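Thanks for asking me to look over this model with you. Here are my notes, set out point by point so that you can follow along on screen.

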Amino acid sequence: MDHSRSTYPSGSAGAAGSGSGHHNGATAAAAMNGDLSRSAPGVRNQLLEAQLGQASSSLGCLSGKFLETPEINICEMGSLEDLDILEELEGLEEVCVDSEPEDGDDTSDVSSQYSDSFASIQDLLSKAPEKRSADDLDVIMDYIQHLPAFANMTLPVREKLCALMRLQTYERARTVLVRSGEEVDHWWVVFGGAVELVRESYEPAVFHLGEAFGVSRAHKKKVIQAGSLVTRGTETLLLSVAAEQFHDVFAQSEQATVEVVEDGALVMVTEYRKTGKTEWGQVVVRGARAKLVAHLVVGDYDPAYAEDFLLTYRTFMTATELAELLEQLFLHAELRDRVARVVLLWANNHIEDFNGSVEMIGFLRTFRRQLEETNFLGELRLLTIAVQSKGTFPLVEHAGGDSDAPHDQQHVAGRSRLAPQQHAHQNGISGHLSSSSGALNAVGGGGVGGAADSSPRSSTLFGRRLHGFAKRYASTSNMRSASMRVASAPHARKTSLSVPMNSSPAGGGGGSSSASVVAASANRPSRPTSPSSLLPLSVIKLYRHDHQHRYLTVGAATTALDLVRMGVRQFEMPDSEESFSLCRITVSPQGVVQQTRLPDAFANLPAELRPMSRFYLKSNKTTTNLVHGSSLVTDIMHDGACDLLSLDTRDVARVVTLQSFLTFRRISGAEYVNYIWDLNGNGSGSGGKDHPGGKEQSDFQRFSSTTNNEMFWVVTEIVSEPSMQQRVRKIKFFLKVAKLCRSLRNFNTMFAITSGLSYGAVTRLRQTWEKLGARDIKSIEEMQILMNPSRNMLTYRSMVSSVSAPIVPFFPVVTKDLTFIYLGNDDRIDGLINFEKLRMMAREIRHINGFHASSYDVTRMLRDPKDKLTDRDVRKIYEQWFSMRRVEHYLKNLNIISDEAELDAMAQKAEPPPSVRNTSGSTLEIR
């Protein structure tokens, strides 16, 4: 170790990253000049806060209210027993809310179950490093991975640091860690509390949770502290790694690193690391754009590389550029098998890159023709299956081209708009591929970052040799039989594309291919599906003229004529089916009756039946109205009533959970990438610079707005209610729904409802809150504990990790985690694309997608397991379906108010502030 001394302000995080958090005055980052932060630290922190505010707008809206208790003091209200007496004396009708079994009412043990999550992490870190198990390290890694101190570090480096770090606890404030002029002998990460860097003539800089200080990767010599490091408050927790161990970790990483240099320029960096349970190989860390593309067809050791690339390539190149390069690579017989696998994986997992794009559809059609011409019949079948199951376009073009495409963009006979020679000329692909001594020598190179690499067309993209790059990674003479498969994270979707690698380069793989496409667990439909339509059976209640009814099982294809035939048989009508027709009776909220005869071919009958409507079997021989009399109209209006307190809390929880889940499941991985990199310029997550298939409102946008919409739904319902008794019932109703959503693992709605109950306009309704019982107050407090944002939402994260899919996560936390990866890691390092950052992003997105790896069983949601519902229980099936339809109708017609001033005014109108007289006789309002 070099013992030369240098004076250096110990505050550099080096490769550990820059800090985050809210700082007053000078920040700790201002004292850092390590190798991570390439922009001014103050600007970087401002950018972090602004980006997190955008990515977590809902979280920002709610964060100030996470731990606000209602504006009442329980101690001032007397004992808990007094509260229970008040509840008994209320005399309220609680039919819809409290008469139901308390399923999901299990928050009484929340504190004991989750509040010690941080203590559990502390226990693991308190163990001696040599005594930590692999499971212990997994738990520690899962917690620290989002801390800014570990930004721009590779996965092996993070794992080794986690295995070495020790927990240090300082109970007293102003404890001196290192005095000015002393040697710095550790790398520290703030794990709790804060640390100040105090220097003369400088304002103190503060290191907050997750920020690093001490030795750095950039300074391997001994570091002398400039200024003193002191704890800011009590209970300061630090993670520490000895300086020698810290430098050894990075030295080992450098030894495992291979740098590929061409023409004196660095074009790729790989690292030898574990790629499977027992497999090891070189994994791409960063590279020039040309090399990253080349690695798709010559890289053989990283099973997740292709999927990670196809998800994140859009951050540094366009879809049409990638398509043109793959189209040219397919012209070389040695690479056809691998190029085919890449294109199949692309179409199967990211069909949104092709839907709506004339050029990309043309590429797939050209590629289909090329597969056919080269006898890759197995791959051709796979491509056809992928496009038919997920695409919005025909793979085989009709004669005459696309009628809806502009004339100059139409494709003739399935060919791309650019001829192969034009592709080669524009991309600079003038090299060749040769096979020598059984090793593939791929001709490529060029494009080492900077302007040349980021330009739309990189000259000499594959124009020079890879200098042994291909020899290390691929061999066409002895390709191993393997499959390209999406790497699975916990809860990962079973979405994979398997294609054999032993196809004949010359003859293709059509004859012996046994590949198959395993479709995603849920194909994204073109429009949302209603929760009630997910029931395994659809049952219609059919009436006849005397108002008797029968329950009939129908399908989406059942027509009005089919239902008439079934009704004639069920009612044993004497006349033939030609004598009857199907009528729909609808009653408006004002009591106006509308009678409509439906055409015989009218289908999808369950979707057309509204809450205040009925289907009648009407004789064609009469013209009288089927519904007459105020009592019958009243019955129909009562059965279809859709106000909040007339609904079943179970069905409300079911419907909001299914609606959220269906939207969340449709979010593609590309939408997350588009949002984080703002590829379409408005942060919406839809479309992109090269993705014209973007929707007017993406599923990402739709789901990200759910949290605020549901919160203001709760607030609007409560403050708009003039009756105090009804407000109390509504608060209890929403509290019950929140607990049921927690049982359904719908944490997004649970958090939204709890935030709505903690909203200022609601908590100011003091008289209303005083009517709540002790159990309700405690339940709200328990929900707020789960929402505790401290320690990076550790309580919430522990709760999520303890359950399995399906899960509807709290979306602001999802976007916050992605934003931390984006801001905490540089896009380029040494002029090369930081693929380790893209790999981290792809891994996190796969983890998110794992939340919807399985689907909800609608028939079992919130139902007693002893209550066995069979296909023969048509009446119960109808009642469940009709109840869910009522909830859907209610939610569809909500009038949500989000203006804070208007909500405050409504709250004051519902419960005016009490007035008292002062000594002068004037009236004062108490707010």
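1. A word on terms before we start: a residue is called buried here when its relative accessible area is under 20%, exposed when that area is over 50%, and partly exposed in between. Please also keep in mind that this is a predicted model. With that cut-off in hand, have a look at helix α9, residues 289–298. Which residues of α9 are buried? They are R289, A290, K291, L292, V293, A294, H295, L296, V297 and V298. Since 10 of the 10 residues of α9 are buried, the helix is largely enclosed by the rest of the structure. The list includes charged side chains, R289 and K291 among them.

2. Now the chain as a whole. The protein chain has 927 residues, and 55% of them count as buried. Its secondary structure comprises 34 helices and 27 strands. Among contacts with a separation of 6 or more, 74% are between residues 24 or more positions apart. The accessible surface comes to about 39200 Å², and carbon and sulfur atoms hold 49% of that.

3. Next, a pair of helices. Helix α6 covers residues 134–144 and helix α7 covers residues 155–164; their axes lie 10 Å apart and make an angle of about 115°. The crossing of α6 and α7 is right-handed. On the α6 side, the contact is made by L137, I140, M141 and I144, and on the α7 side by L155, R158, E159, C162 and A163. Sorted by type, the residues of this contact are 7 nonpolar, 2 charged and no polar. The spacing of such contact residues fits a general rule: an α-helix has 3.6 residues a turn, so residues three or four places apart point the same way.

4. The sheet that I would look at next is an open one of 4 strands, in the order β2-β11-β5-β8, with antiparallel pairing. Which strands stand at its edges? They are β2 (166–170) and β8; each has a single partner strand, so one side of each is left without a neighbour in the sheet. Averaged over neighbouring strands and ignoring direction, the turn of one strand against the next is 35°.

5. Strand β5, residues 186–192, belongs to that sheet. What share of β5 is buried? The strand is mostly covered, with 6 of its 7 residues buried. β5 is joined to strand β11 (residues 236–242) by 6 bridges, and the two run antiparallel. Within this pairing, W188 stands opposite S240, and V189 stands opposite L239. Helix α8 packs on the sheet, where it touches β5 and β11, and its direction makes about 60° with that of β11. β5 also pairs with strand β8 (residues 212–214), again in the antiparallel sense, over 3 bridges. There, V189 has A212 as its bridge partner.

6. Two residues from this region are worth clicking on. L237 sits in strand β11. Is L237 buried or exposed? L237 counts as buried because its relative accessibility is 3%, which falls under the 20% cut-off. L237 and V195 are 42 residues apart in sequence, while their C-alpha atoms are 9.5 Å apart in space. A251, in helix α8 (residues 243–255), counts as partly exposed because its relative accessibility is 28%. From A251 to R217 the C-alpha to C-alpha distance is 9.6 Å, with their positions 34 residues apart in sequence.

7. Last, strand β19, residues 538–544, where 7 of 7 residues are buried. In a regular strand the side chains alternate between the two faces of the sheet. In β19, S538, I540, L542 and R544 point one way, V539, K541 and Y543 point the other way, and all are buried. β19 pairs with strand β20 (residues 549–554) in the antiparallel sense over 6 bridges, and L542 stands opposite R550. The hairpin of β19 and β20 has 4 residues between the strands, and H547 in it takes a positive phi near 70°. With strand β23 (residues 613–619), β19 runs parallel, joined by 3 bridges. R544 stands opposite L617 in β23.

Definitions and conventions: Residues are numbered from 1 along each chain as its sequence is written. This is a predicted model: local features need pLDDT of at least 70, side-chain atom pairs count only at pLDDT 80 or more; totals for chains, interfaces and linings use all residues. Side-chain values use heavy atoms; hydrogens and water are left out. Axes are lines fitted to C-alpha atoms, for helices over the stretch in contact, and angles run from 0 to 180 degrees between N-to-C directions. A crossing is left-handed if the near helix is turned anticlockwise from the far one by less than a right angle, and right-handed if clockwise. Contact means heavy atoms within 4.5 Å. Buried means under 20% relative accessible area, exposed over 50%, partly exposed in between (1.4 Å probe, protein chains only). Two strands pair if DSSP finds at least two bridges between them. Accessible areas come from the Shrake-Rupley method with a 1.4 Å probe; for residues, only the protein chains shown count as cover.
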